[in-house]
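Me: Hi! I have a structure open and would like to talk it through. Can you help me read it?

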There are 4 protein chains.
Amino acid sequence: MSNKPEQSWKRKLHDIIYEAETPEGKLFDVILLIAIIASIILVMLESIKSFDDKFHNFLNISEWIITILFSIEYIARIITVKKPIKYITSFYGIIDFLSTIPKYISLLFGGIHALAALRALRLLRVFRILKLARYLGASNMLTSALKASKAKISVFLFAVLILCIIFGTLMYLIEGEESGFTSIPVSVYWCIVTLTTVGFGDIAPVTAVGQFIAALIMILGYGIIAVPTGIVSAEYTNRHKNDKPVNPEDTVHLNSQSCSSCLAENHKDHAEYCYSCGEKLSV
Amino acid sequence: MSNKPEQSWKRKLHDIIYEAETPEGKLFDVILLIAIIASIILVMLESIKSFDDKFHNFLNISEWIITILFSIEYIARIITVKKPIKYITSFYGIIDFLSTIPKYISLLFGGIHALAALRALRLLRVFRILKLARYLGASNMLTSALKASKAKISVFLFAVLILCIIFGTLMYLIEGEESGFTSIPVSVYWCIVTLTTVGFGDIAPVTAVGQFIAALIMILGYGIIAVPTGIVSAEYTNRHKNDKPVNPEDTVHLNSQSCSSCLAENHKDHAEYCYSCGEKLSV
Amino acid sequence: MSNKPEQSWKRKLHDIIYEAETPEGKLFDVILLIAIIASIILVMLESIKSFDDKFHNFLNISEWIITILFSIEYIARIITVKKPIKYITSFYGIIDFLSTIPKYISLLFGGIHALAALRALRLLRVFRILKLARYLGASNMLTSALKASKAKISVFLFAVLILCIIFGTLMYLIEGEESGFTSIPVSVYWCIVTLTTVGFGDIAPVTAVGQFIAALIMILGYGIIAVPTGIVSAEYTNRHKNDKPVNPEDTVHLNSQSCSSCLAENHKDHAEYCYSCGEKLSV
Amino acid sequence: MSNKPEQSWKRKLHDIIYEAETPEGKLFDVILLIAIIASIILVMLESIKSFDDKFHNFLNISEWIITILFSIEYIARIITVKKPIKYITSFYGIIDFLSTIPKYISLLFGGIHALAALRALRLLRVFRILKLARYLGASNMLTSALKASKAKISVFLFAVLILCIIFGTLMYLIEGEESGFTSIPVSVYWCIVTLTTVGFGDIAPVTAVGQFIAALIMILGYGIIAVPTGIVSAEYTNRHKNDKPVNPEDTVHLNSQSCSSCLAENHKDHAEYCYSCGEKLSV
């Protein structure tokens, strides 16, 4: 099925880039992981003024090297995939694009500050390389417990928000602008800071009544933290119990091979055709 | 049962306002929900001085529009209900009244600051529209678990309060007024701030003995947070277990229809008479 | 068994003071409860300077009234009990004495500041009146769960303390005195503040390395809070499960009657003799 | 097997130092425990400037006494053990060495500040004396629950870290250097401080958008604390349940005797040979 040499070369590159089973694929993933972490550290160091002043050239050159590496990788991904449009418009495709272009834009318009944020998106690429699904597989039970308790947690957070708006308005009226409660939104912000037991202290009540209500909010926050914990914990315990008699024949080993046509991953071992698009898989 | 045309018109309006099953009822609820959220945002924006200075007229006119809308709704609710006194003196009747009048009062006496608080009460009206009972239905188990552990949580909070008063008095004696522990109530307030792990830092111990006792309070607070969490979590787990073999025939579907006489909600589907006052329901 | 009139009078007073079953006993308890709460509020108000300046005479007279009331009660308790020495040396006997004398001492030596602390001990008397055992009865399961997990929680807290000493020493070396880490004990205090997620902010790391280690401590504290919660929650869940098939005939109703000789409480209903000293109980 | 008198003397000393079963062994452990705690208190007091100024000579002499005591103990441990190299290179061997030499080094190079840290390592020696394994035995279930949930907690902490880096970068862009968010690493540090609900308040957002995102981070942190708690709690509950029908004949009593050759501990009672190296144990 790979009679043309050009095709064969493409397929080989595809296997290196998209799969982690072969030695070359593993090597590629490790190099990419190092490049991503290095680029994140570069973004961080660049933001430290004293460091940037001293090593500006080093940072600039390093950033160019990483940008070029990422550009090559991005183009290689487009070339080797059968449906490039699907890759470009996919979640990781967009992340790859956005984390590559900032340096090129800075060439045109000068170093725009806000572009650093885009570069921080590179961090999300780590998830792809680690193919975290495999790691998370161990905690599948946890995610399903979280999903099961999603509705309850939403109601809980909604109630917390309403509590914060009402208490925030009250504190605004009681404390007033002298104590830092300059507006209702700021008061609501303070109320969230207090209820979640963060307590920055940049704004703090000074009147007796304000401190009394603040104490109420704190005890409330201290008490209701039990609610999400109780929900997750109970759901998790129950899931654990019901899932016990797992038949070993029902558990299926998934590999990290990805379809060269639709990029779907987690195929069953020994699968010959993609479960998502029917394309023949390269074994 | 609706022979007079005037009666029929009233019944129609009643259905629109009080029920969410019909398309008109749903539309009314959505409009009201938007109006409430808009009014809350208005209250918030008005409290931001710089914003109020710029857009005072816009805020004033918007507030009048919402006040008039709410007034019409309030009057419509009184007219269409069979027992208006019961509605007016009900919880939501009072909320509706209090969240409508502030603007009228400000016309008479000028913009009194504290009236903003009343307007924030509009937030409580959200619960009626969302007919949150339905949403909370999903977490009925949670509320019943909370109810079951209410007595234990009360004893727990009572013990926490006594701890805070005793430690607060102690800290007042040790730290004294120089460190900000100006009186016993303030010390108790500080103790609550510390025990609940909020920790504003506006008041903090400076003497060695004070810091030692503060450390004790913190570790205590860090440890006893386990108690409410453990209670809720365990109650919830048990409830889950016992409630499992629910007979599907025992579960009853409740609708959001409300009795035109006594406003009771959550009637059983196909119920013909109100379970609370015996009034015939409009189907 | 109460042939002498003087004896009978004493027995009657004993029943009023020590028991809560009779109407007179209940009335006595309610009055005492109000007196205790009033006295605590007095102690608090006295500590507020501006309030004390204005209402000094009122506070002084109120304090004398309460002191005299408590003195009469203390003497009555000694007279009516069969073994006064046992009462005087008991936990509540000492509390009663310490919470009564401060005002008398202030008569001799002037208002000594530290005596206010003794008066705050009155709060502990609330426990006796409420005969909290009855309330706690509902959460007996909780206390037994706490007892069962005591050993584990002790090991946990010991490990937390050692962590704090080691990290505290480290932070003292890294941050030094300029950042407020003036000595190792202060650093350890800061470490406890951070690990328990209180975070006052009066002392905060400023160096990069210090902030990095601080972040580590925080994540550690955020993570290990799961440990005590998990212990209590699990112990509680298990207790719940095992205690379910409680035979109703095994549950015994205890009353709040107390033995006139040894003050032991929680006798079984219809008990004729004290379970602790064998003295005949007055029914 | 101890025919030579010199051997017998060594064996006796070995039993005193390494074992806690005999009266002499217990006495040795108690003395060592006191010495360690005293030395830790010394290190702490020395760091308090005002205290060091007053009692410098006392602190110096005390430190020398403890250092000499520890030196003798260290040499005794080397002599009495059959394989000294194994002891010296073991975890506790290195701790013993590092916690003894600082005073000798200060003799050569003067009081180097950073050496205090090494002395704080003495704290780790407490674990050996307490032979904490015995105490922890009670909470073996807890540690095994922690081990079982290690993978899930790692994934959780990894996700938290990535969240902090992304939110930290965002806050750096929004707040900028005026609010204290001077660089991305500092922003990430602030984000960890906020997410873990510590909230120092040395850095706090001042812009409306910054406060809004900060509120999101707090609610996130308040919500996701449920995750590790739920994991540990559920694992612990399940472990409890499965471990219930423990056959008493399966439980084995371990003693604190340690092999004179390889230092392995926790031998079974009545064991005659070391389970680790096969050396005959002294009974």
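Reply: Happy to, and we can take the topics one by one. This is a predicted model, where local features need pLDDT of at least 70, side-chain atom pairs count only at pLDDT 80 or more, and totals for chains, interfaces and linings use all residues. Residues are numbered from 1 along each chain as written, chains are lettered from A and ligands numbered from 1 in written order, and side-chain values use heavy atoms, leaving out hydrogens and water.

Me: How many residues do chain A and chain C each put into their contact?
Reply: Chain A gives 4 residues and chain C gives 4 residues, with contact meaning heavy atoms within 4.5 Å.

Me: And what area is buried there?
Reply: About 180 Å² between chain A and chain C, with carbon and sulfur atoms giving 20%. Buried area is the accessible area (1.4 Å probe) that two parts lose on being put together, summed over both.

Me: How many salt bridges cross between chain A and chain C?
Reply: The rule finds 0 across that interface; a salt bridge needs a side-chain nitrogen of Lys or Arg within 4 Å of a carboxyl oxygen of Asp or Glu.

Me: How many does the whole structure have, then?
Reply: A search over all chains finds 8 salt bridges. One of them joins the side chains of B:Glu73 and B:Arg77, at 2.6 Å from N to O.

Me: Where do B:Glu73 and B:Arg77 lie?
Reply: Both are in helix 4 (residues 56-80) of chain B, 4 residues apart, about one turn of the helix. Helices here are DSSP runs (H or I, at least four residues), and strands are too (E, at least two), numbered from the N terminus.

Me: New topic: what does helix content look like over residues 155-174 of chain A?
Reply: That span is 100% helix and 0% strand, with its end C-alpha atoms 29 Å apart. Residues 186-206 of chain A are 48% helix and 0% strand, and their end C-alpha atoms lie 16 Å apart.
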